[in-house]
Structures are given as C-alpha cells and as structure tokens.
Amino acid sequence: MKITILDDYFDTLRNLPCFAKLDGNDVTIWNDHVQDITRLSERLSETEALVLFRERTQISGDLLDRLPKLELISQRSVYPHVDVEACTRNGILLCSNMHKGTPSFAAAELTFGLILAAMRQIPQQMAALKSGVWQVGVGHTLRGKTLGIYSYGRIGEAVARFGASFGMEILVFGGNASCNRAQADGFLVAENREAFFAQSDVVSLHIRLYPETRGIITGADLALMKSNALIVNTSRAGLIEDGALVAALQSGRPGSAAVDVYEDEPVLDGDHPLLHMPNVVCTPHIGYVSHEEYETQFSDIFDQIIAYQGRDPIHMINPEVWAKDD
C-alpha cells in the first residue's frame with residue numbers, strides 16, 4: 001500500500017519501534033509543512049493511506065476532491081482539521097483512535113513544566129543571565145497556591161495530581177460529569193464559574209475544542225483573575241475568546257500566561273503578539289511531542305492501517321464509507 005506521512009518535522013517516526021508495523025508497504029515521509037492545496041495534491045496524488053500528525057495540516061474538501069486514489073486517513077485524537085463530509089463523499093475512510101482511557105502524560109508534564117517556568121520566571125532569568133544580568137525578579141512558589149483545573153478529564157486529572165504532589169490546593173470547574181469525578185477523587189469543586197476564576201492562582205485549561213466550546217473563556221472570565229495569577233493553555237487557542245488573552249494581560253488580570261497553542265499554526269514569523277510580552281512563556285505546540293508519546297500514538301495509527309488492510313477496520317469515524325465498500 002502506498003502510505004504518505006505528513007509533517008514529521010524531525011524525521012522521528014522511522015526510528016520508532018512501531019514503524020516496523022508498516023514493513024512491506026511503500027512509505028513516503030515528508031519532513032516539512034505544506035498547506036498549499038496544489039502542492040499537497042501533487043505530493044499525495046498516488047497516496048492510498050494518509051497518516052497525519054494530529055492537526056498540523058488542514059485536510060479540506062477541496063484537497064480531498066483532488067485525491068482519487070486515497071482510501072484511508074489514519075490519525076489519533078480529535079479531527080477538526082479533517083473535512084469528514086468530504087471524506088465520506090469521496091469514499092475515504094477516516095480512522096482515529098480517541099484514546100479515551102489513556103491520557104497524554106507528555107501533555108500533562110509539559111503543562112506542569114510551563115506552570116513552574118512561568119511562576120519562577122525561568123525563561124526570563126535564563127535570558128537575563130545570558131545577557132550578563134544577575135537576577136531580574138522574584139517568582140512565586142507553588143505550595144499552598146490554588147491550581148484551577150478546567151476541566152477534569154484525562155489530562156486535567158494528571159495535572160491535578162501533579163499539583164497536589166507539589167502541595168497545591170486543587171479547584172475544579174467544568175461539566176457535571178467532570179466535577180463529579182473530581183469530587184470522587186477528593187478534589188474541591190468551585191461553587192460557580194466566577195469563584196473558580198477569582199480564587200485560582202493558576203488556571204489550566206483542559207477542554208476539547210468543539211464549535212460549542214470555541215471562545216468559552218471570555219474576557220470577563222479573565223478579568224476576574226488575580227493580578228498575580230497565571231493562566232496556562234496547552235489545549236487549544238480557540239478556547240479563549242478572540243483577542244481576550246492579549247487584552248487581559250495588557251490590563252493586568254491575570255498577571256501572566258503560559259501557552260503552547262495558537263490560532264494559526266505553525267507560528268513562523270516571530271510576530272505573534274504573545275511572543276513579545278514579557279509576562280508570557282510560549283512554546284511551539286510541543287505538548288504531545290516526545291519520543292514516548294509518538295510511540296504510543298503512532299502505534300495506534302499504524303494498527304488502524306493494518307486493520308484496514310485486513311478488511312477489519314477499527315476506530316472508524318465515518319463507517320458508512322466502509323459499509324458501502326464491504
């Protein structure tokens with residue numbers, strides 16, 4: 001089978017143990033990022049199975065209409081970047097393991113790393129030291145602070161447990177199921193939305209981005225936060241109302257932010273407003289970017305291809321395509 005893998009920036013996959021699952025197939029790996037539809041359609045013109053790195057490339061209906069040989073798209077997690085209707089229209093099966101039982105510990109670890117980096121001003125102190133300046137400010141310890149988790153899903157739970165191990169008080173907000181799980185695990189649930197943002201010293205977002213959750217964090221929410229509070233977003237940029245984070249940081253509530261996600265990725269020109277704010281720590285969407293996480297994710301992705309080749313596909317998002325072909 002002709003398989004194409006997009007956006008493997010550091011040519012990592014071929015060195016993972018799970019890559020052996022594709023033995024016997026004709027595999028092409030692209031290490032750069034291309035979004036232009038004409039160039040993508042040329043690259044994928046002979047592709048039968050397409051492997052995606054999460055949401056790095058938008059798979060639009062216009063692109064899919066130009067790929068008559070494509071049979072399968074295999075990826076992991078949510079798929080807002082894939083036009084599922086166009087997949088179905090073109091007879092392309094989309095398979096994606098939603099991994100409901102296993103959190104991304106890599107993303108949880110990065111989240112807590114960002115909390116530590118921002119609260120202790122680690123990037124700023126490093127930059128100052130390299131420029132010949134000895135100390136540029138005073139940070140904050142975590143013990144005794146309130147870590148607000150919005151909401152208590154797989155990753156939110158892992159971050160909450162990290163925070164508890166550092167002596168932080170955990171405060172949870174979210175839907176009823178999320179709050180009930182948090183209470184069952186012994187964590188506090190905020191009395192209401194306003195109390196959650198006002199009481200938290202650190203707010204960490206762990207919400208999936210759907211149309212109904214886009215902009216769910218508003219400027220009014222951020223204005224409730226303390227002047228020395230931190231907001232951390234390793235989920236999706238679209239969860240925060242457009243323009244609200246920059247405006248809130250400029251007004252001083254919250255006092256700082258740590259972000260790993262942006263509305264338009266990749267950010268390549270260095271001109272994003274958050275990159276020029278001294279009270280913000282920024283990373284380039286590396287929450288899931290680790291050798292161990294890749295092994296976990298792509299083992300699933302390659303298993304989906306093997307299952308498809310065996311005429312027994314798994315994790316089908318649009319099974320009606322398979323029903324027609326079966």
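## The side chain of S74

In this predicted model, a polar atom of the S74 side chain lies 2.8 Å from the backbone oxygen of I301. S74 belongs to strand β4, which covers residues 72–76. With a relative accessible area of 1%, S74 is buried, since the cut-off for that class is under 20%.

Beyond its neighbours within four places in sequence, S74 is in contact with L50, V51, L52, C95, I301, Q304 and I305. I301 thus appears both in this contact list and as the owner of the backbone oxygen described above.

## The chain as a whole

The chain contains 12 helices and 12 strands. Its C-alpha trace spans about 60 × 50 × 35 Å along the principal axes. For 326 residues, a compact globule would have a radius of gyration near 20 Å, and the 21 Å of the chain agrees with this.

Buried residues make up 48% of the 326 residues. Of the contacts with a separation of 6 or more, 62% join residues 24 or more positions apart. The chain exposes about 15200 Å², of which carbon and sulfur atoms supply 52%.

## Nonpolar cores

In soluble globular proteins, nonpolar side chains tend to be buried together. In this chain, the largest nonpolar core has 27 residues, and those with the most contacts inside it are Y150, F196, L222, I231, I240 and L245. At least two residues of this core come from each of β7, α8 (193–199), β9 (202–205), α10 (244–251) and β11 (256–259). The largest share, four residues, is supplied by α10. Another core lies apart from this one; it has 24 residues, among them M119, I170, F187 and A258.

Y150 has an extensive list of partners once residues up to four places away in sequence are left out: F173, G174, R193, F196, F197, S204, L205, H206, I207, I216 and I217. One of these partners, F196, is itself named among the residues with the most contacts inside the largest core.

## A248 in helix α10

Helix α10 also holds A248. A248 has a relative accessible area of 7% and is therefore buried. Not counting residues up to four places away in sequence, A248 touches L222, R253 and P254. L222 is among the residues with the most contacts inside the largest core. A248 and T146 are 102 residues apart along the chain, and their C-alpha atoms are separated by 20 Å.

## Helix α7 and its two sides

Helix α7 comprises residues 176–184, and its buried residues are S178, C179 and A182. Seen down the helix axis, these buried residues fall within an arc of 95°, so they line one face of α7. An α-helix has 3.6 residues a turn, so residues three or four places apart point the same way.

The cover over the buried residues of α7 includes β7 (169–173) and β8 (188–189). N176 and A184 are exposed on the other side of the helix. After α7 comes G186, which has a positive phi near 90°.

## Cis peptide bonds

Two cis peptide bonds may be described together with their surroundings. The bond from Y150 to S151 is cis, with omega near 5°. S151 is located in the loop between β6 (146–150) and α6 (154–165). Y150, on the other side of that bond, is one of the residues with the most contacts inside the largest nonpolar core.

The bond from E265 to P266 is also cis, with omega near 0°. P266 is part of the loop that runs between β11 and β12 (280–282).

## Positive phi outside glycine

D11 is not a glycine, yet its phi is positive, at about 50°. This residue is placed in the loop between β1 (2–5) and β2 (26–29). Its relative accessibility of 25% makes D11 partly exposed.

H285, likewise a residue other than glycine, has a positive phi near 50°. The loop between β12 and α11 (291–309) contains H285. At 17% relative accessibility, H285 counts as buried, whereas D11 is partly exposed.

Key. Residues are numbered from 1 along each chain as its sequence is written. This is a predicted model: local features need pLDDT of at least 70, side-chain atom pairs count only at pLDDT 80 or more; totals for chains, interfaces and linings use all residues. Side-chain values use heavy atoms; hydrogens and water are left out. Buried means under 20% relative accessible area, exposed over 50%, partly exposed in between (1.4 Å probe, protein chains only). The arc is that of the directions from the helix axis to the C-beta atoms. Contact means heavy atoms within 4.5 Å. A polar contact is a pair of N or O atoms within 3.5 Å; within protein, one must be able to donate a hydrogen and the other to accept it, and residues adjacent in sequence count only if both atoms are side-chain atoms. A nonpolar core is a set of buried Ala, Val, Leu, Ile, Met, Phe, Trp, Tyr and Cys residues joined through side-chain atoms within 4.5 Å. The radius of gyration is taken over C-alpha atoms; the globule rule is 2.2 Å times the number of residues to the power 0.38. Accessible areas come from the Shrake-Rupley method with a 1.4 Å probe; for residues, only the protein chains shown count as cover.
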